[in-house]
Amino acid sequence: MSSFSPPKPKTRLRGVVFDMDGTLTVPVIDFPAMYRAVLGEDEYKRVKAENPTGIDILHHIESWSPDLQRHAYQTIADFERQGLDRLQIMPGTAQLCGFLDSKKIRSSSTVFKITFSPALSREFRPYKPDPGPLLHICSTWEVQPNEVMMVGDSLKDDVACGKRAGAFTCLLDETGRYSADDFTKSNLQPDFRVSSLTEVLSILEANFDLIP
């Protein structure tokens with residue numbers, strides 16, 4: 001006699017939070033050039049050697065004097081404006097956002113202001129990987145962090161932010177730059193790992209009850 005086990009109930013998901021650059025948009029900013037402009041060549045080499053997985057420029061300049069900070073932020077803003085002129089939407093963005101809209105699922109971005117609500121720019125503090133930005137969005141939506149998924153292309157920023165907030169995490173790794181060793185060393189294991197935004201749509205449908 002065969003037995004029947006009812007399907008396991010899916011977890012409720014009420015919102016999706018996206019990183020912007022490298023996730024919803026194709027990276028267009030020359031970050032090494034920007035870091036050199038902000039830090040200077042010698043300091044850039046020193047900081048890069050100490051941070052092989054990536055430079056967290058916003059955290060780095062927080063300890064600078066107000067005048068130096070203003071100059072650094074202006075330099076960053078100049079690079080961002082140049083990047084906007086070449087901005088390209090990541091393949092699959094429109095399809096994914098249209099799907100979320102059709103399900104009336106909230107969506108937000110933690111980096112840049114476009115058609116997301118709320119949208120947090122780099123002026124919002126504390127910065128990722130602190131869970132503050134994600135928790136702020138959850139509070140604004142009046143949802144619990146475990147009803148939200150954080151989607152981003154950075155293990156140390158996006159996945160860490162999501163994990164610390166108690167949200168589901170999805171790492172967009174288009175080029176396969178992350179290995180199992182990276183997850184072990186950082187003690188950060190995303191709940192899902194995809195190579196395209198189209199896969200995010202499939203994951204949402206297969207694993208969650210999408211309830212506003």
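# Exercises on a predicted chain

Among contacts (heavy atoms within 4.5 Å) in the chain between residues at least 6 apart in sequence, 62% join residues at least 24 apart. This is a predicted model: local features need pLDDT of at least 70, side-chain atom pairs count only at pLDDT 80 or more, and totals for chains, interfaces and linings use all residues. Residues are numbered from 1 along each chain as its sequence is written, and side-chain values use heavy atoms, with hydrogens and water left out.

## Exercise 1. Confidence

Find the average pLDDT of the chain, and the stretch where pLDDT is below 50.

Solution.
- Start with the term: pLDDT is the predictor's confidence in each residue, from 0 to 100.
- The chain averages a pLDDT of 86. A score of at least 70 is reached by 87% of the residues.
- Residues 111-115 are the stretch with pLDDT below 50. Beyond near neighbours in sequence, this stretch has twelve contacts in the model.
- Where pLDDT is low, the predicted coordinates should not be read in detail.

## Exercise 2. Overall make-up

Count the helices and strands, then state the buried share and the accessible surface.

Solution.
- Helices (H or I, at least four residues) and strands (E, at least two) are DSSP runs, numbered from the N terminus. The chain has nine helices and seven strands.
- Buried means under 20% relative accessible area, exposed over 50%, and partly exposed in between (1.4 Å probe, protein chains only). Of the 212 residues, 45% count as buried.
- The accessible surface (Shrake-Rupley method, 1.4 Å probe; for residues, only the protein chains shown count as cover) is about 11,500 Å². Carbon and sulfur atoms hold 52% of that surface.

## Exercise 3. Strands E2, E4 and E5

Work out how E2, E4 and E5 are joined, and how far E2 and E5 are covered.

Solution.
- Two strands pair if DSSP finds at least two bridges between them.
- E2 (residues 15-18) and E4 (residues 148-152) run parallel, joined by four bridges. Gly 15 has Val 148 of E4 as its bridge partner.
- E4 and E5 also run parallel, again with four bridges. Here Met 150 stands opposite Thr 169 in E5.
- Both faces of E2 are covered. Gly 15 and Val 17 are buried on one side, Val 16 and Phe 18 on the other.
- E5 (residues 168-172) is mostly covered, with four of its five residues buried.

## Exercise 4. Buried faces of helices

For H1, H5 and H9, list the buried residues and give the arc that they cover.

Solution.
- The arc is that of the directions from the helix axis to the C-beta atoms.
- H1 (residues 31-39) buries Met 34, Tyr 35, Val 38 and Leu 39. They cover an arc of only 115 degrees, which puts them on the same side of H1. Their cover includes helix H2 (41-50), helix H3 (57-61) and helix H4 (66-84).
- H5 buries Thr 93, Leu 96, Cys 97, Phe 99 and Leu 100. These fall within an arc of 155 degrees, so they line one face of H5. On the other side, Ala 94, Asp 101 and Ser 102 are exposed.
- H9 (residues 197-207) buries Leu 197, Val 200, Leu 201, Ile 203 and Leu 204. Their directions fall within an arc of 165 degrees, so they line one face of H9.

## Exercise 5. Positive phi

Place Lys 104 and Asn 187 in their loops and classify their exposure.

Solution.
- Most residues other than glycine have a negative phi.
- Lys 104 has a positive phi, near 60 degrees. Its loop lies between helix H5 (93-102) and strand E3 (106-109). At 62% relative accessibility, Lys 104 is exposed.
- Asn 187 is not a glycine, yet has a positive phi of about 60 degrees. Its loop lies between helix H8 (180-186) and strand E6 (192-194). At 71% relative accessibility, Asn 187 is exposed.

## Exercise 6. Cysteines and Trp 141

Why does Cys 138 have no bond to the closest cysteine sulfur? Then locate Trp 141.

Solution.
- A disulfide is a pair of cysteine sulfur atoms within 2.5 Å. The whole structure has zero disulfides.
- The closest cysteine sulfur to that of Cys 138 is in Cys 161, at 9.2 Å, so it is too far for a bond.
- Cys 138 is buried, at 2% relative accessible area. Cys 170 is buried at 1% relative accessibility.
- Trp 141 lies in helix H6 (residues 132-141) and is buried, at 8% relative accessibility.
- Trp 141 and Ser 108 are 33 residues apart along the chain, with their C-alpha atoms separated by 9.9 Å.
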